[in-house]
Amino acid sequence: MTMAMALPVSPRRLTAEEIVMRAAIAALLVFLVLAIAVPLAVLLIKSFQDGDGRFVGLANYARYFTTPTLVASLWNSVWVAALSTAIVVPLAFLYAYALTRTCLRAKGLFMAVALLPLFAPSLLSAISFIYIFGNQGFLKSWLMGASIYGPIGIVLAQVFYCFPHALMILVTALSLADGRLYEAAAAMGTPRWRVFSTVTLPGARYGLISAAFIVFTLVITDFGIAKVIGGQFNVLATDAYKQVIGQQNFEMGAVVGFVLLVPAVVAFALDRLIQRRQVALLSARAVPFQPRPSLAKDAAFTGYCLAVGGLIAAVLGVAVWASFVTYWPYNLTLSLKNYDLENFEPTGYGPYFASLQMAGLAAVFGTAIVFAGAYLIEKGQGVRFARSLAQLIAMLPMAVPGLVLGLGYAFFINAKWNPLGFLYGTIALLTINSIAHFYTTAHVTAVTALKQIDSEFEAVSASLKVPFYKTFARVTVPVCMPAILDIAVYMFVNAMTTVSAVIFLYGPSTKLASISIVHMDEAGATAAAAAMATLIVLTALAVKVLHLVLDRLVFGKLQAWRRR
Amino acid sequence: MEVQPHVTPVPSPRETAPAAARPIHLRVQGITKRFGAFTALDDVSLEVESGRLVCFLGPSGCGKTTLLRVIAGLEMQDTGNVEIGGRDVTRLPPAQRDFGIVFQSYALFPNLTAAQNVGYGLVNRRKARAEIAKRVAELLSLVGMPEQGAKYPSQLSGGQQQRVALARALASSPSLLLLDEPLSALDARVRVRLRDEIKALQRRLGITTVMVTHDQEEALAMADRIVVMNRGRVEQVGSPAEIYARPATAFVAHFVGAMNILDAVVAGPGRAQAGSLALACDALGQRAEGHRVRLGLRPEEVRIRGIEPGAPNAVLVTVVLLDFLGAFCRATLRPTAGGDLTILCDFSANAMRDLGIREGQALTVALPPDLLRVFDNGGSPDA
C-alpha cells in the first residue's frame, strides 16, 4: 500500500443530469416561495402599515387589543374551540375504540359513515342545524328558548365537522397496539379498568393530544360555520372577513389574520414537539392486538356507534332532504325547485362548474407539483440547503388557516408592484391558492410513500447510467401510484369544499360553489344553499367512489406486480 | 463462530498466483470521510489487483460500506483519490464511473419484470431491441435463471432476486463489480449455495470484485484478499489463510474466527505470566521483562491428548461449560490453580467420546508455546 498526500476533494463541474435536478429544485423553490411564503410575508408587513402603506409599528395591534368588540371575538373563538374540542375528542375516542378494540360488525361501514363530513363544506353542517333547531326547525323546542344562531349552533356544527378529523388520528393511534402488553397484563390478573388506564390510554396518549390540537385549530380557524350559524356571535374568522370585505379595512384584517395564526402555530408547534417524543412505540417484535368477542362490550359499542354514526348520517341527510323539499317546513313535498339555481344565483350553475374546473385543475397540477416536489426534497442529490428550505415551506400551510392564506394572497396579488396582478380573480389563482392551502397533507402523504420505497433506486439507476428522471417516470411514479391517486382525490375534495381562502380571491366569472352557498345563505335562500351544498357532497363522494372502483378494478390489473 | 475446515495453513492455489502478473485495477488513496463529529473513514488506502475478489470485512459501523460507496461515487469523501482501471475517477459522478453494484436490499424495481430489470441500463443506451433481448437472456442464463425473465420480483424467492440483481449489475459488462452485503438477507442454506455460485461466476468472468460483509465465514470462503476494517481504519490486508493464521492485531484475531486472548506480562526471555499461569511462548522475541502483552490461541489449537505432566505449558483445568455446536463441542475451561481466567477449547465428537468429557470434569491440556501469538497492548484496546 502506498500512502498518498491527503488532499481535499475539490468540487467538480456539474453533469447535465445534476443541472436538470438543480433546475427542478430551483423551480420548486420558486413556486413554494411565491405560493406560500411571500403572501404570508406580505400579510405580516401589511399588519405593520397604515392605509397609505406607511410603517406604523405595532399601532394596528395596539388598536386591535384596545377595541373591546375585537378582543371579545378573540375570547369567543378560544372558548368555543376549547368546548368543541372537549366534546369531539372523547366522542371520537370511543368511536375509534369501538372500531379498533372490539368485535364490532361492519367496521368498514361505520368508518365510512363517520368520514362523510369530510366530503361536505363545513357550511353544510351549519345549514343542517338551522333546519333542525333554527327558527323554522322541527326540534326548535328542544333548545328550551335558547337560540341556535350563536355559540350553541357553532359548537354543534363544529362537533359534526371535526369528528372525522379526530377519528382518523385516534384510529391510527389505537390500531398501533402491542398485543403482548395485553397478554402480559392478563397473565398478571390485572383488572380491566387498570389495563385501560395503564396500557390503552398511555398508548393512545399522543394520538389524543394530536387530535385535540387538530380539532382546536380547525374550529378556531373555520370560517364557514361561524358565518352561517353564528348570528351576532363574533369570532376571529368572521371578524377578518368583515374587516376586509365589509369595511375594506385591510390593515385590521391583516392584524386579525395574524392573531388567528397564533393559536394555529402554537398548536402546530406543540404537536410537533410532542410527536418528536413519540419514538418507537411499537418495537419490531410487537404482535398486533386481536380483540376478543365479549357480548356485553360489543353490544354496548355497537349501540354507541349506531347512535353516533346515525346522528352523523342524519345531520348530513337533513340538509340533503331539505334541498329537495318544496317549502320548509310548511310544504314537505319533494321537488327540484331549489335546484333551479338561476333563481338564486346570477350565473345559475356557473359556480358549480367553476368549482368543478378549479378542483380538477388542483387535483391534476397540485398532485404533479406535490409529488415531484416531495421526490426532489426526499430523493434529490446535493443543494441540501435548498431542499431543507423547500421542506420547511412545504410544512408551513398546515399551520396557516385558509382565511389567513387567502388574505395574504389578496394583499399580495393586489399590490401595485406585483406583475402577477393580472391573475386576480382567475381560476388559475384560485387553483394555485388551493394547492398551497392543502399542500402539507398531500406532501406528507407523498413523502411517506417515497420513504417506503427502496432508498437505493437512485444509486442503482446511476450505476446503470440511467438519468434520475427516467427512473422517476418508469419506477417511482408507478410504484407510488396509490399514494398519487390518494393525493389527487384529497386535492379534489378539499378544493371542492373549501371556502375560507378563496372567498377573498374569486372574480365575477369565477365564483365557486362554496362561496355561492355563503351568498345564497346571506340572501336568505337557505334551501338553494342546501341544494348547492348537496351538489358538492355528491360530486366529492362520486369522485371518491370512482377512486375506489378504479383502484380495485383497473389499477388492480395494471399493478399485477404487487401480488405475490 | 464455526471452525473453518476448508481454510488450512497450506497455501491455496489462490495464493500461489504470482502477484506481479496482475495490474492494479482499483486504487484508493488517503480516503477520509467524516459525518459530523464521526470519522467513518480515516486515511484509508488500498489496492485491488485486476480480476480479484476482495472482501471488506468488519463489524457494523467500521466504515466498510462507506468505503464501497466512496468507490462507487455515491458518497463524496472529504479527502483522497479513487482510481478505477488506471483512470482517476475521484471527481466523477457515479454514472461516469465504470462499475455494477448489488445492494443488500437488491433494490430491484418492483414494477418491472426480471428481464426488464436486467435490461434497464441497456435500454437507455439505444441498443437494438433484439440485441438487448439477446443480452438479457444471456445474463439470465448466466445467473442460472433462463426461464424466469417474465416474473416480477415479488414472485421470486430471495435467492432468485439476488441473482437478478447480480445479472442487472453485470449487464453493461462493467470492469468492477461492487457487492454490498449481497447475501445477508438470505437464509443460511441459500447463502452458502449462492456464495459458491458468485465466486464461480466471478472467476469465470474474471471481473474485479469488491464485496462488503460482516460475516467472516463468507469472507474466508469467497475472497482472494480480505481487508479487515475497524473504526474507519484498515487493520490488516491479506489472503484468507494469512488473516486466519497470522492475524496482525488482537482485533483481527478476535473478529476472524474465535481466539483466546490472555492478558499477560513478559516474565523473562520466552516466558510470560498470564494470571495464575506461567507460560512458555516462542514468539515473545526481544520484549523486555514487565512489558504487557496479549497472548492469542485458537480454541482448536489447545492440545488435549497425551499430555505428560511435565509437558510445556501443561495446565490442569476444570470444564465449567460445554456448548454443543454440532460437529464439535466448545468447552470453557478454568485453570484449577485459580484466577478469573478462562480458556476456550474445541473437542471433536471423537475426543468427547475418547476422553469422556462432561461439565465439572478435571483434565490436563496444553497451550503449545510455538502456537501462542503475541499482540502488543494498546493497539486495539477493544479486542
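User: What is the bridge partner of B:R330 in β17(B)?

Analyst: In this predicted model, B:R330 is bridged to B:D346 in β17(B).

User: How do you know that β16(B) and β17(B) pair?

Analyst: Six bridges join β16(B) to β17(B). Two strands pair if there are at least two bridges between them, so these strands qualify. They run antiparallel.

User: And what makes β15 and β16 of chain B a pair?

Analyst: The reasoning is the same kind of check. Strand β15 (residues 314–324) and strand β16 (residues 328–335) of chain B share seven bridges in the antiparallel sense, and at least two are needed, so they pair. Among the partners, B:V319 goes with B:L333, and B:L321 goes with B:T332. The two strands form a hairpin with three residues between them, and B:G326 in the turn has a positive phi of about 90°.

User: Why are β17 and β18 of chain B called edge strands?

Analyst: Look at the order of the open sheet: β17-β16-β15-β18 in chain B. β17 (343–348) and β18 (362–366) each pair on one side only. Neighbouring strands of this sheet are turned by 50° against each other on average, direction ignored.

User: Why is α3(A) called oblique to α6(A)?

Analyst: The axes of α3 (residues 68–101) and α6 (residues 151–175) of chain A cross at roughly 40°. Angles under 35 degrees would count as roughly parallel, and 65 to 115 as roughly perpendicular. The crossing angle of roughly 40° fits neither range, so α3(A) is oblique to α6(A). The axes come within 6 Å.

User: Which residue types make up the contact of α3(A) with α6(A)?

Analyst: There are 23 nonpolar, four polar and one charged.

Note on methods:
Residues numbered from 1 in each chain as written. Chains lettered and ligands numbered in written order. Predicted model: local features only at pLDDT ≥ 70, side-chain atom pairs only at ≥ 80, totals over all residues. Axes fitted to C-alpha atoms, helices over the stretch in contact; angles between N-to-C directions. Helix = DSSP H or I, 4+ residues; strand = E, 2+ residues; numbered from the N terminus. Parallel < 35°, antiparallel > 145°, perpendicular 65-115°, else oblique. Nonpolar A, V, L, I, M, F, W, Y, C, P; charged D, E, K, R; others polar.
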